[in-house]
Amino acid sequence: RDDVYRWLAQNAYKYGFINRYPSNKTEITGVINESWHYRYIGKETAVEIYSQGICLEEYVELIE
């Protein structure tokens with residue numbers, strides 16, 4: 001099971017998915033880490049979020 005989550009963390013963005021509630025962003029998202037909770041947002045956006053190490057809430061702030 002850990003192998004699956006490790007693979008997701010390293011590769012999901014390539015397919016347009018992000019970890020919706022990463023453990024290091026709890027203060028921003030307001031939700032504790034949910035390692036199984038991935039959301040499809042499209043490849044381009046997922047790559048941006050992954051490469052910047054930000055969460056969806058931070059990304060939305062950047063584009064507004």
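Which residues does Ile 49 touch, not counting residues up to four places away in sequence? Select Ile 49 and find out; just remember as you click around that this is a predicted model. The partners to light up are Ile 18, Ile 41, Ile 54, Leu 56 and Tyr 59.

**Stop 1: the core.** Keep Ile 49 on screen and add Tyr 13, Ile 18, Ala 46, Ile 54, Leu 56 and Tyr 59: together these 7 residues form the largest nonpolar core. Colour helix H3 (43–52) and helix H4 (56–63) next, as these are the elements that give two or more residues to this core. For background, nonpolar side chains in soluble globular proteins tend to be buried together.

**Stop 2: along H3.** Show the side chains of H3 and pick out Thr 45, Ala 46 and Ile 49, the buried residues of this helix. Now turn the view until you look down the helix axis: the buried residues of H3 fall within an arc of 100°, so they line one face of the helix. The reason such spacing works is general: an α-helix has 3.6 residues a turn, so residues three or four places apart point the same way. Swing round to the other side of H3 and you'll meet Lys 43, Glu 44 and Ser 51, which are exposed. Back on the buried side, the cover over those residues includes strand S1 (17–19) and H4. Before moving on, click Gly 53, which follows H3 and has a positive phi, near 65°.

**Stop 3: the pocket.** Which residues lie nearest the centre of the largest pocket? Select Ala 9, Asn 19, Pro 22, Tyr 50 and Ile 54 to see them; they are among the 17 residues that line it. The space in this pocket comes to about 330 Å³. Helix H1 (2–11), S1 and H3 each supply at least two residues of the lining, with the largest share, 3 residues, coming from S1. Colour the lining by residue type and you should get 13 nonpolar, 3 polar and 1 charged. Ile 54 is worth a second look here, being part of the largest nonpolar core as well as one of the residues nearest the pocket centre.

**Stop 4: Arg 20.** Last, go to the loop between S1 and helix H2 (26–29) and select Arg 20. Is Arg 20 buried or exposed? Its relative accessible area is 9%, and under 20% counts as buried, so Arg 20 is buried. To see what surrounds Arg 20, leave aside its neighbours within four places in sequence and show its contacts: Thr 29, His 37, Tyr 38, Arg 39, Leu 56 and Glu 57. You've met Leu 56 before, as a residue that Ile 49 touches.

Definitions and conventions. Residues are numbered from 1 along each chain as its sequence is written. This is a predicted model: local features need pLDDT of at least 70, side-chain atom pairs count only at pLDDT 80 or more; totals for chains, interfaces and linings use all residues. Side-chain values use heavy atoms; hydrogens and water are left out. A nonpolar core is a set of buried Ala, Val, Leu, Ile, Met, Phe, Trp, Tyr and Cys residues joined through side-chain atoms within 4.5 Å. Buried means under 20% relative accessible area, exposed over 50%, partly exposed in between (1.4 Å probe, protein chains only). Helices (H or I, at least four residues) and strands (E, at least two) are DSSP runs, numbered from the N terminus. Contact means heavy atoms within 4.5 Å. On a 1 Å grid over the protein atoms alone, a cavity is a set of points where a 1.4 Å probe fits but cannot get out, and a pocket is an open set with protein on both sides within 12 Å along at least five of seven lines; lining residues have an atom within 4 Å of a point. Grid points are joined across faces, edges and corners, and a volume is the space filled by probe spheres set on the points. Ala, Val, Leu, Ile, Met, Phe, Trp, Tyr, Cys and Pro count as nonpolar, Asp, Glu, Lys and Arg as charged, and the others, Gly among them, as polar. The arc is that of the directions from the helix axis to the C-beta atoms.
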